[in-house]
Amino acid sequence: MTPTRFSTRRALPGVAALTLALGGAVGALVTVGASSASAATTIGPVDSTLADGSTNSLRDVLENQAADGDTVVLEVGATYTLNFCSVTPGALATSPGDIEINAAVTIQGNGATIQQKCPDRVLHTQDALTLQNVTIAGGQADTEGGGLFQESDSPTVLDGVTFTGNTAAQGGGMTTSGDATITGSTFFDNEALDGSGGGLRVLSTTATATVADSTFD
């Protein structure tokens, strides 16, 4: 399917603490809807051979095309290489290095990997996000969340996700300001350079991380 819709970013505040609790299985959000502009749809599989930042690439779909409720499907076992880099590493407000997800979406990974080659994090969002069966690798951030930074109180759901080889000042694998539900996931070989949250950091006095059947190594 060729995606056609566009959406705009909504700025939401973030806030700070961490509670880990064992929970049950997490339901995966997969939406297949009508093709009208207001209905949630399935987009993809996204072509992993397209140049990063080109039309219909993963970056283009997540930053410009996906709308709230959509499911973005990745190719089975593919690697999506992020190499559309900023000329000013670490300038995250204007940097194209990380993917700025601009809608509340599900990424259905099908065993694919999103690999960052720029000196930047991998994913950044201020919307609800569900990740399924995908590897997030190689991110770098001089502040929060090398692999993923959820910079709002919106929830994040991880189901069968691997974070590996990501670094940040804090929250090497992932930083979230909202509730996180993590099932069947692995955080391996991530690093917090300032020592807080090598795998996961939760930035909120009210948010919690509910973790089941997962490994932090």
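Two strands count as paired if DSSP finds at least two bridges between them. Keep that in mind as you explore this predicted model.

**The whole protein.** Start with everything shown. The protein has 217 residues, and 49% of them are buried. Its secondary structure comprises 20 strands and one helix. With a surface display on, you are looking at about 8,900 Å² of exposed area, 54% of it supplied by carbon and sulfur atoms.

**Strands S2 and S3.** Next, select residues 42-46, which form strand S2, together with residues 71-74, which form strand S3. These two pair in the parallel sense, over three bridges. To see one partnership, pick threonine 42: its bridge partner in S3 is threonine 71.

**Helix H1.** Now add residues 58-65, helix H1. With S2 and S3, this helix makes a right-handed β-α-β unit.

**Aspartate 60.** Stay in helix H1 and select aspartate 60. Which side chain of opposite charge is nearest to aspartate 60? It is arginine 59, 8.9 Å away, and buried aspartate 60 has no salt bridge. Look instead towards asparagine 56, whose backbone nitrogen lies 2.8 Å from a polar atom of the aspartate 60 side chain.

**Aspartate 120.** For the last stop, go to the loop between strand S6 (105-116) and strand S7 (123-125), where you will find aspartate 120. Aspartate 120 is buried, too, and has no salt bridge. Arginine 121 offers the nearest side chain of opposite charge, at 4.7 Å; a salt bridge needs the charged atoms within 4 Å. Finally, show the backbone of aspartate 98: the side chain of aspartate 120 reaches its nitrogen at 3.4 Å.

Note on methods. Residues are numbered from 1 along each chain as its sequence is written. This is a predicted model: local features need pLDDT of at least 70, side-chain atom pairs count only at pLDDT 80 or more; totals for chains, interfaces and linings use all residues. Side-chain values use heavy atoms; hydrogens and water are left out. Helices (H or I, at least four residues) and strands (E, at least two) are DSSP runs, numbered from the N terminus. Buried means under 20% relative accessible area, exposed over 50%, partly exposed in between (1.4 Å probe, protein chains only). Lys and Arg count as positive and Asp and Glu as negative; His and the chain ends are not counted. A polar contact is a pair of N or O atoms within 3.5 Å; within protein, one must be able to donate a hydrogen and the other to accept it, and residues adjacent in sequence count only if both atoms are side-chain atoms. A crossover is right-handed if, with the strands pointing away from the viewer, the path from the first strand over the helix to the second runs clockwise. Accessible areas come from the Shrake-Rupley method with a 1.4 Å probe; for residues, only the protein chains shown count as cover.
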